[in-house]
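User: Please examine the model displayed below and answer some questions on its fold, core and selected residues.

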Amino acid sequence: MADSTWSDDLQEVKEFENALVIDHDAKVLASKNVDTSKFAAEIPNLPKLFASRDTAVRAGVDFLGEHYDVHRAYEDLIYGRRGDSATGAGVALCRVKRKSDGNFVYSIAVFKFPVISANAVPRLRDFTTEKV
């Protein structure tokens with residue numbers, strides 16, 4: 001069951017078309033426009049992308065039935081896109097370590113033009129960091 005305060009706050013983030021926040025066990029903490037039952041098989045794979053940069057770039061991101069090519073992968077941040085700049089969509093993943101138990105919280109968001117990576121990626125990181 002998603003945490004209502006996380007979900008309420010996530011609904012307010014206008015930059016994201018779709019978004020999801022999960023804990024280290026892939027338990028959904030919050031979602032925005034995501035049918036978690038329909039895409040349940042994709043959710044546990046998201047944290048695995050942080051295994052290495054090579055893993056993220058090779059595998060890309062599969063989310064909501066779409067595949068996104070990864071063009072940037074860092075220790076706690078991965079992002080990429082599908083399609084072209086006008087009709088495609090971007091995706092960003094972030095992980096933040098909880099101070100309370102040392103486990104990671106993972107967030108993912110899809111964004112579309114006119115929102116660009118330069119806006120969406122820091123917004124996702126800030127949202128996740130503030131909530132953890």
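User: Among contacts in the protein between residues at least 6 apart in sequence, what percentage joins residues at least 24 apart?

Analyst: This is a predicted model, in which local features need pLDDT of at least 70 and side-chain atom pairs count only at pLDDT 80 or more, while totals for chains, interfaces and linings use all residues. Residues are numbered from 1 along each chain as its sequence is written, and side-chain values use heavy atoms, with hydrogens and water left out. A contact means heavy atoms within 4.5 Å. For pairs at least 6 apart in sequence, the share of contacts joining residues at least 24 apart is 41%.

User: In what order do the helices and strands of the protein run?

Analyst: Helices (H or I, at least four residues) and strands (E, at least two) are DSSP runs, numbered from the N terminus. The protein has 3 helices and 7 strands. From the N terminus on, their order is α-β-β-α-β-β-β-β-β-α.

User: Which residues have the most contacts inside the largest nonpolar core?

Analyst: A nonpolar core is a set of buried Ala, Val, Leu, Ile, Met, Phe, Trp, Tyr and Cys residues joined through side-chain atoms within 4.5 Å. The largest one has 23 residues, and β1 (18-22), β3 (61-63), β4 (66-73), β6 (89-97) and β7 (104-112) each supply at least two of them. A second, separate core of 20 residues includes Leu10, Ala19, Leu29 and Cys94. In the largest core, the residues with the most contacts are Leu20, Val61, Phe63, Ile78, Leu93 and Ile108.

User: Is Arg58 buried or exposed?

Analyst: Arg58 lies in helix α2 (residues 53-59). Buried means under 20% relative accessible area, exposed over 50%, and partly exposed in between (1.4 Å probe, protein chains only). Because its relative accessibility is 68%, Arg58 counts as exposed.

User: Which residues does Pro47 touch, not counting residues up to four places away in sequence?

Analyst: Pro47 is placed in the loop between β2 (28-32) and α2. With a relative accessible area of 16%, Pro47 is buried. Beyond residues up to four places away in sequence, Pro47 touches Ile22 and Tyr106.

User: What is the radius of gyration of the protein?

Analyst: The radius of gyration is taken over C-alpha atoms, and the globule rule is 2.2 Å times the number of residues to the power 0.38. For 132 residues, a compact globule would have a value near 14 Å, with which the protein agrees, its radius of gyration being 13 Å.
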